[in-house]
2 protein chains.
Amino acid sequence: MAGLKRTRNGPTIKDIAAELGVSHATVSRALNDSPLIGTGTKERVRAAAASMGYIPDAAAKVMRGAQSNIVGFILPDVENHFYSAIARSIAETVAASGMQLVLAISEDDPDLELRHVRALCEARTRGIIITPVADLRPETADLLRNVPCKQLVRRHPLVEADVVVADDTTATFQAGRRLLELGHKRIAYIGGGSETLSTGTARVEGFRRAVAGFPDATAAVALGPPKPEFGYKTAISWLGTSDRPSGIVLGSSRFTLGTLNAIRETGFEVPRDISLIGYDDPDWFEFWGSGITTIALPIREMAVTAASMVCELPLEATRGPSISKIPGTEAHELTFPVRLVERGSDTPPGCANPAQ
Amino acid sequence: MAGLKRTRNGPTIKDIAAELGVSHATVSRALNDSPLIGTGTKERVRAAAASMGYIPDAAAKVMRGAQSNIVGFILPDVENHFYSAIARSIAETVAASGMQLVLAISEDDPDLELRHVRALCEARTRGIIITPVADLRPETADLLRNVPCKQLVRRHPLVEADVVVADDTTATFQAGRRLLELGHKRIAYIGGGSETLSTGTARVEGFRRAVAGFPDATAAVALGPPKPEFGYKTAISWLGTSDRPSGIVLGSSRFTLGTLNAIRETGFEVPRDISLIGYDDPDWFEFWGSGITTIALPIREMAVTAASMVCELPLEATRGPSISKIPGTEAHELTFPVRLVERGSDTPPGCANPAQ
DNA sequence: ATGCGTAATGCACACGTGTACATTACAGAT
DNA sequence: ATCTGTAATGTACACGTGTGCATTACGCAT
């Protein structure tokens, strides 16, 4: 820590200048293709730089005043297809605009999230896209005020920034109503997040709203950490009871997995004993049995929109999100429509042979 | 570009110094908790820094000589469970050692890969973990000589760096022999990569070696880009012929998906008509039908090992990889054992009802 | 009063880069 | 021979931070 010179000191423009017997300003200009430099000199400088293995120092350039061209995306879980698909689309957009993307994983841990945000701010990041954690630290919200910032997928009340989300309320409303219209009387919802996140509140609200239209139906709701284990435990606890739900709406493809595991272990079958409607559309949903009915989100459009906003690219006119102003702030919310993809995992209750 | 001051100029230690009427050296020492500074001064400096919203400048620190504490991981495809699982384990290890991980996606594009490597080198990254692309640019290999670097999963001949891989040859050998012992006479392998990558050559070699032990068996091999589409197209072309294979070994879970799609479209069924053995073990393999037999890799161990080597952490004694020296270089190769996980997707040919 | 040791702080420089400004060189016009 | 304009290069500073060295202040012993 004390007084240590950098271990591997590559050549700098000063070294190149000394080698050629010119000033370092000439080298700098030559490498930046300034019109002030003679053609011959440029060539000699470039040749020397290449042969000496010169690598420019990004830190020095940033300090000189050039904007760092780093964009950060903080996501909770890279093993969740939903987020990795988003990460991919963001990466494409950012790379296409000539900038550098830094992916950071928060693991739904507020302290890790804070560390990432702090590191990105200290690096003078050009912009940050974040899917905030449920109990986000106030300090994190403070730091985010110093950077152009967009919230993606989830909206946290402490963060004052534009929001790009899916129409979660309509999504779970459609899913819930679908099950009820098929004739299910006892349905349930397993969701991620908590009361502080839009993905928690909005989805539960949609589900409840669907149930409200069917007075003779009862509903159970469980919210927890978006990992397969929570889906598994919750499903196991429900399936053991006599008044188990005959249809379940899942708030994450991670829950779908845990739920499938629970259903198999308790000897039930989908969709014969239990109907399932998933969230998001990972590639294996289509081929699992007769297919898993699910709510598909316009992942690509959402990601590209958020990335374009941060990179200050013109927004392509995508399949129109609805735009509304968030009261009390200057921020806006872009809500993207969702789509129910009908496959084979939901049937009327007690129906042994699905319509196929 | 020209002479622009940074747009959002936050306060620096000089501003804090001016505010308190001390020199910036005092502020710097106070913030770094130097013993040279009086307790009272420290407190006043910290209070001022907090109230003024001071954010340290990472670029200046790096330039001053402090090692950047960034570690980079360049992976080809974040939507592939295999790599996202690796990314997660690397992120955990790197975060635990107090460093910052930068994830970059190469999309199997050598030019994009070069861009990422260059950016990481210019940022004076502490170390790079890379899963190299098939036709990696020589320039990329040159740049990597300037950084502590480890190859993960794939080995590219141009890159002179330690290697952490799975025992791919044994893996496909076991898978191929398994199908042959079940009685299959026509088997096939769909693999990723090309002749320049270890994942291409090693896996094909293992498969061929298995077939060599069964003189009356015939085998087909297809190598291509590791995307579902290639698996789909290849499977479709094979299934249409009269001498179609009765068992297929897949070299990536991405191919498994495309192959399942092809099998369904052509009206066949797994495992009744076609036996399948996958690679890697994404979570849905266990619950797909009676389960997909597959070759499981010690993803976590491999990732943690590579990350520990880059972060200069002591290597935990993991379930022993075999270590060998790579001839012609000073680099070493760590090969991790694989494991065949037997589930329900492989049966003797023409067997309508698997043993369950 | 002088000397001395210690605690606290200021001064000045270095890191690598880019650029405004000054300087030099030289060709052409007077 | 002198002036003017242009092309090419050098000089010097700034960015924000950390640290070696000099300096100040002060208490205490001589």
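A residue counts as near a DNA strand if its C-beta atom, placed from the backbone, lies within 6 Å of that strand. The model described here is predicted. Around DNA strand D there are 29 residues, and Ser23(A), Ala25(A), Thr26(A), Thr12(B) and Ala25(B) come nearest. On the chain A side, helix 2 (24–31) gives two or more residues to this surface. On the chain B side, helix 1 (13–20), helix 2 (24–31) and helix 4 (58–63) do so. Helix 2 of chain B provides the largest share, five residues. By class, the surface near DNA strand D holds 13 nonpolar, 10 polar and six charged residues.

DNA strand C is also surrounded by 29 residues. Here Thr12(A), Ala25(A), Ser23(B), Ala25(B) and Thr26(B) come nearest. Two or more residues come from each of helix 1 (13–20), helix 2 and helix 4 of chain A, and from helix 2 of chain B. The largest share of this surface is that of helix 2 of chain A, with five residues. The surface near DNA strand C divides into 13 nonpolar, 10 polar and six charged residues.

The two protein chains were then compared. A turn of 180° with a shift of 0.0 Å along the axis lays chain A on chain B, with an RMSD of 0.0 Å. This is the relation of a two-fold axis. Within chain A, the C-alpha of Ala59(A) is nearest the axis, at 2.2 Å. Both copies use the same surface, since 100% of the contact residues of chain A recur in chain B.

At the protein–protein interface, 42 residues of chain A are in contact with 42 residues of chain B. On the chain A side, two or more residues come from each of helix 4 (58–63), helix 5 (81–96), strand 2 (100–105), helix 6 (110–122) and helix 11 (253–265). Helix 5 of chain A gives the most, six residues. This side of chain A has 26 nonpolar, six polar and 10 charged residues.

Chain A contains 12 helices and 13 strands. Its C-alpha atoms fill a box of roughly 90 × 45 × 45 Å along the principal axes. The radius of gyration of chain A is 26 Å, whereas a compact globule of 356 residues would have one near 21 Å.

Strands of a sheet pair through backbone hydrogen bonds, either parallel or antiparallel. In chain A, six strands form an open sheet with mixed pairing, in the order 7-6-8-9-10-13. Strand 7 (218–224) and strand 13 (339–341) of chain A stand at the edges. Each has a single partner strand, so one side of each is left without a neighbour in the sheet. On average, neighbouring strands of this sheet are turned by 20° against each other, direction ignored.

Within chain A, strand 6 (residues 186–192) and strand 8 (residues 247–250) pair in the parallel sense over four bridges. Ala188(A) has Ile248(A), in strand 8 of chain A, as its bridge partner. Helix 8 (residues 168–181) of chain A packs on the sheet. This helix touches strand 6, strand 8, strand 9 (275–279), strand 10 (294–296) and strand 13 of chain A. The direction of helix 8 makes about 170° with that of strand 8 of chain A. Helix 9 (residues 198–212) of chain A lies across strand 6, strand 7 and strand 8 of chain A. Helix 9 runs at about 170° to strand 6 of chain A.

Technical notes: Residues numbered from 1 in each chain as written. Chains lettered and ligands numbered in written order. Predicted model: local features only at pLDDT ≥ 70, side-chain atom pairs only at ≥ 80, totals over all residues. Nonpolar A, V, L, I, M, F, W, Y, C, P; charged D, E, K, R; others polar. Contact = placed C-beta atoms within 7 Å. Pairing = 2+ DSSP bridges. Axes fitted to C-alpha atoms, helices over the stretch in contact; angles between N-to-C directions. Least-squares fit on C-alpha atoms with pLDDT ≥ 70 in both. Rg over C-alpha atoms; globule rule 2.2 N^0.38 Å.
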